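Biologist: I should like a close look at a single part of this model, namely the surroundings of the metal sites. Please set out the geometry there, and then follow the chain outward to other side-chain interactions.

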Amino acid sequence: MEPLSRRGVLILGATGAAVAVGGGLVLWSQLPGTPVTPVPPPSEPPEQPPASESNGTLREPEILSSSGGLLELTLTAAMTDDTIAGATVRALTYNGTLPGPTLRVRPGDRIALTVRNELGTETNIHTHGLVVSPEGNSDNVFVMIEAGDSLDYEYQLGDDHPPGVFWYHPHHHGHVAEQLFAGLYGAIIVEGDPVVEPSRERLLVISDIAFDAAGNVAAASQMERMLGREGDIVMVNGQTGGTMSAQPGDLERWRIVNACSSRYLRLRLDGQKLQLLGMDSGHYEAPLDVQEVELMPGNRADILVTATAGTSVLRTLPFDRGGMGRGGGMGGAGAPASATTGANLADFVVSGTPASPTAPMVALPPQRDLRLETMSGVRTLTLAMGGGGGMGGMAFTLDGKLFDEGRIDTEVSYDSLEEWTLVNTSTMDHPFHLHVWPMQLIEVAGVPVTPTDYRDVVPVPAGASTTVRISFSGLSGKTVYHCHILDHEDLGMMGVINTS
Ligand code: C2O
Ligand code: CU
Ligand code: CU
């Protein structure tokens with residue numbers, strides 16, 4: 001059988017519909033007696049303020065930069081009045097803004113961060129993707145900050161820390177989805193050798209949120225928690241309908257964060273040239289020409305946009321990430337709204353005098369390719385949904401267990417190289433996230449991944465498996481891996497790893 005494209009596989013996997021037959025994959029809609037599921041067309045009607053209803057220039061969060069190798073800052077988590085999509089609402093914010101400030105640092109820097117908790121409930125913070133120690137007062141997700149307290153964190157970045165865009169968000173098990181969905185997140189940029197001198201650099205933190213009639217962040221129902229809550233408002237940097245302006249020929253570098261609790265993004269910017277430089281902390285040796293960029297919750301993309309005259313709309317298309325079962329189906333009660341609903345995110349208006357050409361791209365050094373190396377261990381981890389989950393619902397498990405912070409599920413030897421096969425026996429996709437050690441994506445649903453591709457959140461499509469290779473060098477300690485549909489993490493789809 002012909003190998004399927006990755007896109008094809010993800011669509012197949014997302015429906016929970018790929019069936020292994022004779023070692024190959026067959027569309028379940030091709031099997032007798034099964035309904036045909038339509039794949040969403042590439043263009044969808046706008047769901048958000050269209051190009052004509054602009055809400056002004058797209059704003060970006062305040063930038064806090066390190067100097068002399070140190071970034072010292074305080075982040076205060078509190079409930080704040082805000083205006084979102086034209087309504088007066090109350091959200092949770094860091095330092096009063098949604099998203100919180102952007103931290104800009106360099107490899108070798110130290111970040112001294114005080115988190116003040118004015119939420120009225122426990123919280124803590126996690127620096128998603130940063131390759132820093134998970135112990136002590138570094139990126140330790142096992143510590144908590146009681147209501148009214150504060151905690152001093154300190155992160156030491158290695159001199160060889162990968163450049164890229166990372167982010168921070170709360171990680172208090174049981175409340176991650178609720179606190180993040182309400183507005184607690186911000187970006188971290190680790191600078192590195194410039195691949196190109198862009199005309200402009202932009203940060204786009206994409207997130208979704210929903211409010212009740214009183215202007216409070218909407219609580220999730222039991223079904224929404226099982227599916228992974230989604231908001232009907234999809235924002236860029238806390239804004240809907242923002243406008244970005246450029247001149248023809250401008251070469252812009254966009255760093256995009258998917259800070260949604262559960263929503264998968266399928267981003268398009270039709271009419272413009274897009275090149276993907278890398279995902280998460282990884283980079284490709286040469287930029288990939290793309291038309292669409294898929295970001296699971298937690299993923300980031302580093303993109304070059306070559307501006308062409310005209311107005312383009314940055315939008316996200318529907319993505320079918322599966323549902324509660326085959327009966328649910330795409331768009332049914334047992335499937336999330338994003339299976340059938342996209343959103344317009346921002347306008348990109350390109351006009352005026354053509355910009356002078358920018359300098360050519362500098363080639364990036366090749367990344368270590370773990371496919372060429374001998375593994376010292378192999379493991380299989382199973383992501384499952386099953387009965388007996390309490391609340392009269394499903395249990396979301398990792399290796400048949402619910403999260404227990406007092407248990408170590410996976411012991412790894414420091415400096416080892418391991419191949420992990422992530423098996424998803426459920427009818428929903430699960431984006432798998434490992435803290436601290438980046439994963440090289442090797443294979444998704446039987447399809448090998450080329451070129452060398454490092455991520456900290458990898459796709460594990462419904463009813464399929466994913467293979468990654470990991471180098472457990474540089475740092476040791478105890479931390480977690482989990483589904484980055486944060487409701488699933490809160491429901492227990494998380495395990496503890498100790499590297500020593
Ligand atoms: Cu972005 Cu453990 O999380
Ligand atoms: Cu993380
Ligand atoms: Cu999940």
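Modeller: The account below begins with the metal sites and then moves to aromatic, polar and charged contacts.

The model is a predicted one. The copper ion (ligand 3) has three protein donors: ND1 of His430, SG of Cys483 and ND1 of His488, at 2.0 to 2.1 Å. Along the sequence these donors follow the spacing H-x52-C-x4-H. His430 belongs to strand β27 (residues 430-434) and His488 to helix α4 (residues 486-491), so that this pair, 58 residues apart, links distant parts of the chain. Both histidines, His430 and His488, are buried.

Strand β27 also takes part in a second site. The copper ion (ligand 2) has His126 and His433 as its protein donors, each through NE2, at 1.9 Å. His126 is in strand β8 (residues 126-128) and His433 in strand β27, and the two are 307 residues apart, a further link between distant parts of the chain. His126 is buried, with a relative accessible area of 1%, and His433 is buried as well, at 0%. Since water is not among the atoms of the model, either site may look incomplete.

The aromatic side chains come next. The structure holds nine aromatic pairs. One of them joins Trp437 and Phe472, whose ring centres are 5.2 Å apart and whose planes make an angle of 55°, a tilted arrangement. Trp437 is in the loop between β27 and β28 (439-444), while Phe472 is in the loop between β32 (465-471) and β33 (477-483); the pair therefore ties together parts that are 35 residues apart in sequence. Trp437 and Phe472 are both buried. They belong to one aromatic cluster, together with Trp420, Phe432 and Tyr481.

Two further rings have a charged group over them. The charged end of Lys478 sits over the ring of Phe142, at 4.5 Å from the ring centre. Arg229 lies over the face of Phe181, at 5.9 Å from the centre of that ring.

A polar side chain in a loop offers another point of detail. Gln367 is found in the loop between β22 (343-350) and β23 (377-386). Its relative accessible area is 16%, so Gln367 counts as buried. A polar atom of the Gln367 side chain lies 2.5 Å from the backbone oxygen of His283. Residues up to four places away in sequence being set aside, Gln367 touches Gly282, His283, Glu285, Thr452 and Tyr454.

The charged pairs follow. The count comes to 25 salt bridges. One of them joins the side chains of Glu292 and Arg266, with an N to O distance of 2.8 Å. Glu292 is in strand β19 (residues 292-295) and Arg266 in strand β16 (residues 265-268); the two residues are 26 residues apart, and the pair links distant parts of the chain. Both partners are buried: Glu292 has a relative accessible area of 19%, and Arg266 has one of 7%. Burial here means under 20% relative accessible area, so the value of 19% still places Glu292 in the buried class.

Asp369 forms a salt bridge with Arg371, and their closest N and O atoms are 3.0 Å apart. Asp369 counts as buried at 17% relative accessibility, whereas Arg371 counts as partly exposed at 31%. In a further salt bridge the side chains of Asp409 and Lys401 meet, at 3.0 Å from N to O. Asp409 is partly exposed, with a relative accessible area of 22%, and Lys401 is likewise partly exposed, at 30%. Elsewhere, Arg104, Arg106, Glu191, Glu201 and Arg255 are joined into one network by salt bridges that share partners.

Arg104 also appears among the contacts of a buried leucine. Leu71 is placed in strand β4 (residues 70-84) and is buried, with a relative accessible area of 4%. Apart from neighbours within four places in sequence, Leu71 is in contact with Leu64, Ser65, Ser66, Leu103, Arg104, Val105, Arg110, Ile111 and Ala112. Its C-alpha atom is separated by 9.9 Å from that of Glu154, a residue 83 places away along the chain.

Note on methods. Residues numbered from 1 in each chain as written. Chains lettered and ligands numbered in written order. Predicted model: local features only at pLDDT ≥ 70, side-chain atom pairs only at ≥ 80, totals over all residues. Heavy atoms only, no water. Donors = N, O, S within 2.8 Å, 3.2 Å for Na, K, Ca; no water. Helix = DSSP H or I, 4+ residues; strand = E, 2+ residues; numbered from the N terminus. Buried < 20%, exposed > 50% of the residue type's maximum accessible area, 1.4 Å probe, protein only. Phe/Tyr/Trp six-rings, centres within 6.5 Å; stacked < 30°, edge-to-face > 60°. Lys NZ or Arg CZ within 6 Å of the ring centre and 35° of its normal. Polar contact = N/O pair within 3.5 Å; in protein donor to acceptor, adjacent residues only side chain to side chain. Contact = heavy atoms within 4.5 Å. Salt bridge = Lys/Arg side-chain N within 4 Å of Asp/Glu carboxyl O.
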